[in-house]
Amino acid sequence: MHAAAIVAAAGSGSRLGAGLPKALVPLAGRPLVCWAVDTLLDGGVSEVVVVVPAAQRAEFEAVLPRGVAVVDGGASRTASVRAGLAAIGPAATAVLVHDAARPLTPAAVVARVLAALEAGTPAVIPVLPVVDTTVLVDDDGLVTDAVPRAPLRRVQTPQGFDRASLVAAYAALDPGADLTDDAAVVRRAGVPVSTVDGDERCAKVTVAHDLTLAALALTVGESTP
Ligand SMILES: Nc1ccn([C@@H]2O[C@H](COP(=O)(O)OP(=O)(O)OP(=O)(O)O)[C@@H](O)[C@H]2O)c(=O)n1
Ligand SMILES: C[C@](O)(CO)[C@H](O)COP(=O)(O)O
């Protein structure tokens, strides 16, 4: 199996509010996007396409390793992944889609996703259980119901796909559609999505505290095997 990866790095990071694209924000001196690319290569991916904000393409090219393809992203994550998909070379039979915003993802998670694809799964995502009590609230903030949490899962990346299934699902998707992840894109096309164990270290950097936690994890020597 030849696996390519798309790194979605074209977001602005408005909730982080760092004043530069989130994927360029440094963690221990290295941009988040570089951590994400390294994890994918360490986990067994052979080819990486990084999707970046068009206006900052030069800044990304300056920090990314040679051999990594760089393409301009779109206004939504879905549009950015679509652009990345179009830039993957002909050899790839499987595609992983990963957030640049998950810098400390262990290579073992990448390997679990690749192993599921190797075993013939058309689509696979890493997930974790929900650990908090989960409720529904109305427009006034009043709790209307508690949601049984046993079947709930938090969805992480990298998400893995049989290339033909992912390409067909994106081709069938409305050009303006904006779904929260790629598993939703293939499910809409009728592709079953399997799960493997995620990892707390795959946590997404969304707000400033997440960056603090990631830096702290490195300081105390948490590795990412
Ligand atoms: N138009 C977009 C929007 C998001 N992403 C990427 O999708 C991943 C997950 O998105 P999120 O964490 O929501 O990033 P942002 O959209 O940058 O964050 P915010 O919503 O706070 O602006 C990120 O790696 C981000 O760079 C992308 O490639 N293209
Ligand atoms: C793709 C993702 O990281 C899976 O959890 C997530 O859906 C991205 O969501 P966001 O709304 O772009 O933060």
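This passage walks through the ligand shells, two backbone oddities, a helix pair and one buried loop residue in a predicted model.

Two ligands come with shells of neighbouring residues. Around ligand 1 there are 22 residues, and the closest are A8, G11, S14, R15 and S80. Sorted by class, this shell breaks down into eight nonpolar, nine polar and five charged residues. Ligand 2 has R77, D99, V155, Q156, T157, T180, D181, K204 and T206 around it. Here the split is one nonpolar, four polar and four charged residues.

One member of the ligand 2 shell, T157, also takes part in a backbone feature worth a look. The peptide bond between T157 and P158 is cis, with omega at about 10 degrees. P158 itself sits in the loop that runs from β10 (153-155) to β11 (159-162). A second oddity turns up at A28, which is not a glycine yet has a positive phi of about 50 degrees. For context, most residues other than glycine have a negative phi, and most peptide bonds are trans. A28 is found in the loop between β2 (26-27) and β3 (30-31). Only 12 or fewer C-beta neighbours are allowed for an exposed residue; A28 has 10 other C-beta atoms within 10 Å, so A28 is exposed.

Next comes a helix pair. Helices α1 (residues 32-43) and α4 (residues 107-118) pack with their axes 8 Å apart, at an angle of about 50 degrees. Because of that angle, α1 is oblique to α4. The crossing of α1 past α4 is right-handed. On the α1 side, the contact is made by T39, L40, D42 and G43, while α4 brings in A107, V110, A111 and L114. By class, the residues of this contact are five nonpolar, two polar and one charged.

The loop between β1 (3-8) and β2 holds L24. Is L24 buried or exposed? The cut-off for a buried residue is 20 or more other C-beta atoms within 10 Å. L24 has 21 C-beta neighbours inside 10 Å and therefore counts as buried. Setting aside neighbours within four places in sequence, the contacts of L24 are P31, V33, Q56 and E59. As for C34, 10 residues away from L24 along the chain, the C-alpha atoms of the two are 8.5 Å apart. The two loop residues thus give opposite pictures: A28 is exposed, whereas L24 is buried.

How values were computed:
Residues are numbered from 1 along each chain as its sequence is written. Chains are lettered from A and ligands numbered from 1 in the order in which they are written. This is a predicted model: local features need pLDDT of at least 70, side-chain atom pairs count only at pLDDT 80 or more; totals for chains, interfaces and linings use all residues. A residue is near a molecule or strand if its C-beta atom, placed from the backbone, lies within 6 Å of it. Ala, Val, Leu, Ile, Met, Phe, Trp, Tyr, Cys and Pro count as nonpolar, Asp, Glu, Lys and Arg as charged, and the others, Gly among them, as polar. Helices (H or I, at least four residues) and strands (E, at least two) are DSSP runs, numbered from the N terminus. Axes are lines fitted to C-alpha atoms, for helices over the stretch in contact, and angles run from 0 to 180 degrees between N-to-C directions. Angles under 35 degrees count as roughly parallel, over 145 as roughly antiparallel, 65 to 115 as roughly perpendicular and the rest as oblique. A crossing is left-handed if the near helix is turned anticlockwise from the far one by less than a right angle, and right-handed if clockwise. Two residues are in contact if their C-beta atoms, placed from the backbone, lie within 7 Å.
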